[in-house]
Amino acid sequence: MTDENQTGPSRRAFLTGAGAAAAGTLAGHASAQTDPAIAIHPWMQELGDGVDAAPYGMPSPHEADVKRRTVEWLTADPVSSINFTPLHDLDGTITPNGLCFERHHSGVARVDPAQHRLMIHGLVDKPLVLTMEDLKRFPRQNHVYFLECAANSGMEWRGSQLNGCQFTHGMIHNVMYTGVPLRLVLEEAGVKPEGKWLLAEGADAAAMTRSIPMEKALDDCLVAFKMNGEALRPEQGYPVRLVVPGWEGNMWVKWLRRLEVGDQPWHHREETSKYTDLMADGVARRFTWEMDAKSVITSPSPQAPITHGPGPTVLTGLAWSGRGTIPRVDVTIDGGITWQEARMDGPSTPKALHRFYYDFEWDGKPLLLQSRAHDSTGYVQPTKDALREIRGENSIYHNNGIQTWAVDADGKAENVEIS
Amino acid sequence: SPLAAEPLGLGRAATPEEIALWDIDVRPDGLGLPAGSGDVMTGDKIYTEKCSACHGVFGEGTGRWPVLAGGQGSLSDARPVKTIGSYWPYLSTVYDYVNRAMPFGNAQSLTHDEVYAITAYLLYLNDEVDEDFVLSSDNFAEARLPNEEAFKPDDRAEVEFAAFKEEPCMTECKPSVEITMRAAVLDVTPEETAAKAAAKAEEAQAAEPTPE
């Protein structure tokens with residue numbers, strides 16, 4: 001395309017910012033009020049990409065900031081480490097596969113599915129070896145569940161530290177899993193009556209192991225091979241992972257290769273040294289499996305400030321509980337002096353993320369925002385101080401305390417604690 | 001229709017040899033321990049060669065790598081030091097974890113005797129045994145760690161639920177509100193450039209625990 005044969009403004013003029021004036025002149029309505037975006041843009045004239053340009057599509061380049069982020073100083077090494085889901089940029093309840101936070105203990109195992117086996121042994125009638133093809137011949141189920149790292153918000157036990165809900169609450173994702181009930185796989189091997197515990201082990205170099213009580217294993221756990229309709233991502237356990245609904249993410253063993261049935265728990269590293277919760281008196285809770293009811297306002301938040309000034313404002317966030325659904329979320333914009341019930345919108349299923357909104361007229365004055373989840377058992381999300389009073393500050397895991405964002409008159413938000 | 005009311009006949013029998021290759025886990029009662037032994041001095045040599053670069057010559061940990069020794073009596077301190085000696089309940093976990101996952105980056109490369117020797121040396125570093133101690137499959141169950149009894153089952157249902165199931169206040173809940181702490185003061189949130197992140201890491205070294 002050349003300037004000579006154009007009837008509209010030239011592409012160069014757009015690139016130099018002169019397009020708006022040119023468009024105005026051509027239209028004969030030159031005005032200071034003309035929106036420069038009201039113009040003949042290149043995408044209105046030029047041909048776009050063909051259908052063969054992106055066999056597996058990616059988001060618009062304008063969304064390049066919507067990505068997982070890490071906090072390098074948190075861990076010694078990026079291979080046994082964590083990154084965070086960009087909750088502040090997402091809406092609805094389903095987490096896109098490429099944005100689901102990662103937590104590995106020896107990196108992402110590169111598993112060849114043809115070489116992958118699932119072994120079931122121990123206190124069973126018939127020890128089994130299953131291929132991926134075998135697994136896909138069992139009856140399947142589809143369920144949406146959140147997976148929250150036990151350490152989500154763990155850096156906030158001693159007070160406000162990281163400035164953004166991606167960092168304070170982003171060790172969570174919520175996808176639809178397709179998989180086989182773990183019960184069916186276990187029944188295929190035949191669990192002996194004395195088989196009360198299950199050891200699940202991953203195929204990565206960390207050989208991640210956790211002990212799971214048989215009651216849970218037979219209840220709602222899945223051996224899953226799809227997330228949001230497609231194969232698991234390698235970083236989420238391709239080709240197969242354990243799904244342990246409502247329970248701490250550490251137990252959702254990825255690259256699942258072995259299930260052993262036993263009569264006692266194994267007390268392995270990930271349930272003794274780690275994932276035990278030290279109380280103020282020096283005694284530690286063990287086997288703190290369920291994730292309690294929790295919520296966070298994702299916008300406004302430190303990474304998602306109010307940029308539009310006073311007037312109609314959408315406050316939104318996520319709530320979840322490892323013990324059921326979320327029938328209600330309360331929000332406050334004045335630091336907890338007055339609360340209102342938020343509007344729940346979207347699907348409500350047990351042990352899954354729920355979306356809430358609070359639509360309000362911002363008067364331009366500073367705000368102190370909080371959300372408070374109620375779950376279907378009647379449990380109400382506690383304050384951080386209420387948790388600290390019982391647990392102290394060194395339990396690392398299971399911080400489901402109410403989060404506060406301070407919004408200033410410019411609309412900027414900050415992670416704070418309040419009286 | 002019910003989901004598989006009876007077995008489907010999928011998969012095949014696992015052979016004892018196959019199970020033996022993958023079934024390496026060890027329990028506190030010693031189930032799963034292989035035959036073998038190792039002494040403190042041998043463990044010292046292996047540890048120095050294969051472990052100390054990350055975990056420190058005395059198990060003190062370099063950088064942010066895990067501390068393996070010390071910290072006894074610190075669990076109710078403001079900054080507890082949780083190690084094998086101060087925190088871990090069972091020696092079986094040491095054997096099992098070293099055997100399955102260490103050295104980091106070269107897992108499952110140690111022989112049974114090497115794992116016994118390293119485990120013996122870790123007991124020595126934690127002042128639990130003398131330098132002539134020999135750990136073996138025969139005396140393993142006698143070796144106990146000091147913090148075994150300081151764990152309790154999850155008691156949230158008893159300790160927390162009653163208080164957290166009360167109908168909360170909705171109006172005039174408090175007379176006033178003040179900000180008591182700000183994340184921006186600490187200023188350890190990563191910026192988008194690696195240079196800035198590196199600078200923050202320096203400041204944050206002393207700030208908070210890892211999210212393990």
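## Aromatic contacts and a pocket between two chains

Trp197(A), Trp247(A), Phe287(A) and Trp289(A) form one aromatic cluster. The model that holds this cluster is predicted. Over all chains, the structure contains 18 aromatic pairs.

One of these pairs involves Tyr379(A) and Phe164(B): their ring centres are 5.9 Å apart and the planes stand at 90°, so the arrangement is edge-to-face. An angle over 60 degrees is what counts as edge-to-face. Tyr379(A) belongs to the loop between β21 and α8 of chain A, while Phe164(B) belongs to helix α7 of chain B, so this pair joins two chains. Are the two residues buried or exposed? Tyr379(A) is buried, with a relative accessible area of 1%. Phe164(B) is buried as well, and its relative accessible area is 7%.

Two arginines of chain A sit over tryptophan rings, as the table shows.

| Arginine | Ring | Distance to ring centre |
|---|---|---|
| Arg257(A) | Trp22(B) | 5.0 Å |
| Arg372(A) | Trp339(A) | 3.9 Å |

In the case of Arg257(A), the ring belongs to chain B. For Arg372(A), the charged end is placed over a ring of chain A.

Arg372(A) and Trp339(A) also appear in the lining of the second largest pocket, where they are among the residues nearest its centre, together with Pro382(A), Thr383(A) and Ile402(A). How many residues line this pocket? The lining is made up of 26 residues. Chain A contributes two or more residues from each of β21 (367-374), α8 (384-391) and β23 (413-418), and chain B does so from α7 (161-164). The pocket encloses about 550 Å³ of space. Sorted by class, its lining has 12 nonpolar, 8 charged and 6 polar residues.

The elements named for the pocket lining also bear on the aromatic pair described above: Tyr379(A) is in the loop between β21 and α8 of chain A, and Phe164(B) is in α7 of chain B.

Turning to chain A as a whole, there are 8 helices and 23 strands. Its C-alpha trace spans about 85 × 55 × 40 Å along the principal axes. The chain has 419 residues, and 62% of them count as buried.

An unreviewed UniProt entry lists residues 105-266 of chain A as "domain: Oxidoreductase molybdopterin-binding". In the model, this span is 14% helix and 34% strand, and the C-alpha atoms at its ends lie 19 Å apart.

Note on methods: Residues numbered from 1 in each chain as written. Chains lettered and ligands numbered in written order. Predicted model: local features only at pLDDT ≥ 70, side-chain atom pairs only at ≥ 80, totals over all residues. Heavy atoms only, no water. 1 Å grid on protein atoms, 1.4 Å probe; cavity = no way out; pocket = protein on both sides within 12 Å on 5 of 7 lines; lining within 4 Å. Points joined across faces, edges and corners; volume = space filled by probe spheres on them. Helix = DSSP H or I, 4+ residues; strand = E, 2+ residues; numbered from the N terminus. Nonpolar A, V, L, I, M, F, W, Y, C, P; charged D, E, K, R; others polar. Phe/Tyr/Trp six-rings, centres within 6.5 Å; stacked < 30°, edge-to-face > 60°. Buried < 20%, exposed > 50% of the residue type's maximum accessible area, 1.4 Å probe, protein only. Lys NZ or Arg CZ within 6 Å of the ring centre and 35° of its normal. UniProt positions renumbered as here; feature names shortened; annotations may be inferred.
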